[in-house]
Amino acid sequence: MRFIHMSDLHIGKIVNRLSMEEDQEYILGKIIEKTEQLKPDAVVIAGDVYDKASPSSKAVSMFDDFLFALSKLGTKIFIISGNHDSAERTAYASRLLSRSNVFVSPVYNGKIEPITLSDEYGEVNFYLLPFIKPAIVRNLFKNEDIADYNDTVKTAVAHMNVDTSKRNVLVMHQFLTDAKLSGSEERSIGGSENIDASIVEMFDYVALGHIHRAQSVSSKNIRYSGAPLKYSFDEVGTQKSICLVELKNKSEFSYEKIELEPLRDMRVIRGSFEEIINKTDDKKDDYIKIILTDESDIPDAAKKIRAVYPNFMLLSYDNKRTRKISSVKKDERITKMEPIEVIDNIFEEQNGKKQSEKQRKLSQELIKEIWG
Amino acid sequence: MRPVYIEISAFGPYAGKVCVEFDRMGEEGLFLVAGDTGAGKTTVFDAISFALFGLPSGNDRQPKMLRSMYAEPSVPTYVYLEFVCRGKLYKVKRNPAYDRPKLRGEGVTTESAAVELILPDGSIIANSNMDEANKKITEIIGVDREQFSKIAMIAQGEFRDFLLKDSKDKIEIMRKLFRTENYEIFQNKLKDLRSETARNCEDLKKTILIPLKNIGCDEKNEYYAELLNLKNILDDKDKTPPAEKFADLAEKIISEDAKKLEELSKSETDAKNKMDKAEKELEARKNLADAETKLNEAEKQLTDLNKKQAELKEKKEAAEKQKPKETELTGTIATEREKLKNYDELDDVDENIKKTDKKIKECEDNKKKAEKSVEDANEQLKAVKEEFDRIKNAGEEAAKLKNKVIEIKNSIEDLSNLKKYAKSTQDAEKIANVETDNYLCAKTDADKAREKYNIAYRNFLDAQAGILATQLLKAEAETGEKQRCPVCGSLEHPHPAELSQSAVTGEELDELEEKKKSAEKNESEKSKYSGEKKAEFTKEKEKFEELASKFPDFAFTYNDSNLISEEIENKNSEKSELEKQLKTCENNKKRAKEIDEEERQKLEEKIKTETDNKNEFENHLSGLKSHLGGLINQKTRVLSKLDYDSKEKAKEHINALESELKKLSDAIEDAVKAYETNKNAVSEASGRVEELRKSKTELAGKCDETLAKTATNILESEKQATEELLSEIDEKKDKIKNRNTLNINAVNEIRDISVQLAKDEEEYVYIKELCDTVNGNIGSGKDKIKLETYVQMIYFERVLERANQRFIEMSGGQYEFVRREVLTDARKQGGLDINIIDHYNGTERDVKTLSGGESFLASLSLALGLSDEVQSEAGGVCIESMFIDEGFGTLDETSLGKAVEVLDSLASNNTLIGIISHVAELKNRIERRLIIKKEKSGGSSIELESDL
């Protein structure tokens, strides 16, 4: 059984006020190409198809095209909703779509029926678990004690009644403990959302979504495919990919990273303004974050830079001043200045000389009188 | 301050009671308050703010607006808040003033604002101490409402407040937050000290002028010109008085004067000695001269006295010869005194005469009065008699009139009856006529009916044949058999009668007959009735004519109602006339009776009595007159006995005699006395003469022999000259002494004051410097920065530093706060204005140029920075929660994401942050939510949702 595992398309995402639609369209096209080449049995999209619960019309039509193109290739397609998607909207027409070999996870109702594919080794059960929050599961299983995300997924998995004699693939969109973030994930506000990898160990492969950096967690078969595009400058320097997984016998599992080249890369350029303006050796339409090392601000820096790099996204300075700012820690208790010191300082600043003996004595007397 | 539990009742849009358990949201993290517009989201924050400070969160609503309009009148308005501060639980319940219906009786009463605070140890600060409770709460939390609204509760629409305020306003807020007032006090104290010192210097400068002016110098003195010069300088106010020079000069003058003084003293002593000697001699000479004069005088006096003595002796002897006359006079006086007694009798008689006169007069008056009364009474009697004659006959007349009245009344009655009869007659006539008409109608009807019936009967008869014929034919047609003719019995009917169209059936005929009968009945009835009415009419008429016969003059007919009425009128007026007359008559009759019975009698009696009185008085009068005659005789008799006419004259005479006697005695006495006195004086005078002779001889021996040669006048002039010289010297000495004292004092004073002045001026210099520095008054060109502002600037920069950390992040590295250094207006206090550095184009510009969303991010960062800085100060303030009301709607996707990230990182630091927003994305991202719904029935409800 060979299938492609991808996730976190975030179609329609806007990064630093620039729309990524064009790049997404390009990369989706590239994925279609690769799929055509590789001819897998299935394609798994592990959540966050869209960036918003109500995506823009362009986004919807882009995914529509993508899905159609994929289905034309004849592979089975598995989709779950992520934390950015609206579970209900994703599940729209899912029952109809299943007739066309596109299997979308329905809104979680406590029971998950796996979709079974067969190959020469037997059956493979695909369990599609959409993104769930504790409240949902708590509502469905009122007797169970569900305190956090960990309990949530544990309960959900328990109710799947997995037959471990067969090969089982879980498609899930959650945050696992020890996974490395990449800076563009949206964290849940107000709670601990991580779950333990041990809960899903029984599956032969866990196709994860949610983290945008491709990585395995705890064991090789529990894997995030990562997002197909870089969505934050923290990911600069990494290579984006999708995953081709091969399941032979029960414990035979291998995977391959299929690399993706984007239309426009995300890069960080650092240097003085002069250097940057005069650089000639790189792609000018990439998404750039520019760090200027000049000591003083360049007037109209942004405008001038945009003339050279039309898609530049962020501009910041790294000089003495900025270093000073960042060095102020939040909780640092700055020692309070004694009143007499304050007066010394202001006197020196305004008059260019120190207080005389008598003046200082008078100041101290008054200070004693007032402050006690 | 972190809220744990809140209960809101009848507050804002909440009609009933709603409660929120904040502790279910945990001790830290973000939570969202979402709901429909107007559901009550801001009200939750208002409630928290109100419970703590008595004021809602923004500046738009007033506490008296807080009662819910949807609430039942019986539901009370209050907010109950439990909050934790530094680990301890406090409970506060507060309600605003509002009107509610009375518990007993009708009407509305005002529930006054009240607050109740329960401290962790259980003690309660209740209602009556609203100020105390408020103060305590401010103490517990560490900030007052102003500060709270800047750093912990950022109300809707007010987040730009702090960002855009003037430096002046910011100074106020910073002062409250960072307690910099002490620096202001320091400034003010220095100011006071400076003015005090300045004043002292001025005073001293003025004081020193006095002694300077006091320095004096003799005009001939060599230093005089110099002194004048220096004094001129004093007048020039710009120059400082050269006190030292003055002092030195003065000392020189002083020493000179001292020398002079010595000289003068010496010459004084010499002159004095000379003068003494001269004086003594002159005195002795004077005394001698005096003594001689006195002696001469005394001798003269003696001679005079002796002369007088001889005179006086003579006089004495003459006086003694008068003595016998004295005795005579005394005798005469005694006799006259005896005679006085006789005058008393005269007085008595006089009095009696007066009394009798008076009595006589009285009696005459009374007599006259009585006479007059009699006259009056007679006249009255006459009048009454006349009246009586006139109305004697009143009674008879009255009777006559009465009869007449009765007559007229009767005739009036008759007339009215007549009128009635006339009317009834008329009526009867009318009815009779009507009935006659009716009868005629009925008759006509009956005739018509009769005719109709007759015609119909004829027809009927005529038609019988036709009917029979028709019936016959019909029967034949029906049965098909021939029928016999009922008349002739034939079976053949060659010519059946035809039924005429206007055939009348038997029934119709019967009908008509009925009708005819009823019409005839009607007719006869009516005829009878009309006859009756006519008879009635005749009867009435007869009745009328009978009565009318009583008035043959008028010939009334029953149609003359008007005339009758007229006549009635006339009679009525006649009647009233007569009645009036009758009344007068009756009155007269009464009067006549009165007169007869009473009045006449009374008057006659009166006349009698008065006449009697008159006679009495006449008698009395004659008696008195005779008495008077007797008394007059008596008086004449007494008078003849006396010498004088009256007692007074006798007394006068006696007094005259007495005074004569006195004169005489006195004269004698005086003469004797004078003689004796003079004798004494003579002896005295001779003794004195002897004495004086003796002393003269003595004094002559005392005169000085050395000076015997110098004539007295020369001595005198010498003495005078010396005297003059002495006084001159004295004067000069005095002048010099005075000047000296003044100068010495002046010099001392000058020295003292100069020292003090120098010290003070030095002090002033350094105090002024310090004061100016601290009060921001260092000349021009330097920033006008006061000490307090300087301190605040330091804090402010720190605040901006902290704020920048967040602001740079939230604006994607584009914006940064910086404190404005250059003063926009050198007159205004500056120092706390904020500029923005835009890194994207490297410019610095005013913070007011930011867009709405950007200023929200700026204000949020600033609030966070401010809150951080306040808390990092020596922990008076502990902000464990923060509330942000709206503002997120102004942000785009990217900024919103960044802002929420910043808040999230803040929240995970033991802070509970509440956000009100209806941005849909936040609902998805924030997992704990308070959903506020507007109920259809009015009022709102709160639900806590959590995805965890």
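So, how many helices and strands does chain B have? There are 19 helices and 17 strands in chain B. Before I go on, keep in mind that this is a predicted model.

Let me stay with chain B for a moment. The chain runs to 948 residues, and buried residues make up 25% of them. Then there are the contacts inside chain B. Take the ones between residues at least 6 apart in sequence: 78% of those join residues at least 24 apart.

Okay, on to where the two chains meet. On one side we have 43 residues of chain A, and they're in contact with 44 residues of chain B. Which elements of chain A give two or more residues to that side? Those are α5 (134–140), α8 (301–308), β19 (312–317), α10 (339–351) and α11 (357–371). The one that gives the most is α11(A), with seven residues. As for the chemistry, chain A's side of the contact divides into 23 nonpolar residues, ten polar and ten charged.

Last thing, one residue I'd like you to find on the screen: A:Glu275. You'll see it in helix α7 of chain A, which covers residues 273–277. Is A:Glu275 buried or partly exposed? A:Glu275 counts as partly exposed, because it has 13 C-beta neighbours inside 10 Å, and the buried class starts at 20 while exposed means 12 or fewer. While you're there, look across to A:Leu292. That residue is 17 residues away from A:Glu275 along the chain, and their C-alpha atoms are separated by 9.6 Å.

That's what I have for today, thanks.

Conventions
Residues are numbered from 1 along each chain as its sequence is written. Chains are lettered from A and ligands numbered from 1 in the order in which they are written. This is a predicted model: local features need pLDDT of at least 70, side-chain atom pairs count only at pLDDT 80 or more; totals for chains, interfaces and linings use all residues. Helices (H or I, at least four residues) and strands (E, at least two) are DSSP runs, numbered from the N terminus. Two residues are in contact if their C-beta atoms, placed from the backbone, lie within 7 Å. Ala, Val, Leu, Ile, Met, Phe, Trp, Tyr, Cys and Pro count as nonpolar, Asp, Glu, Lys and Arg as charged, and the others, Gly among them, as polar.
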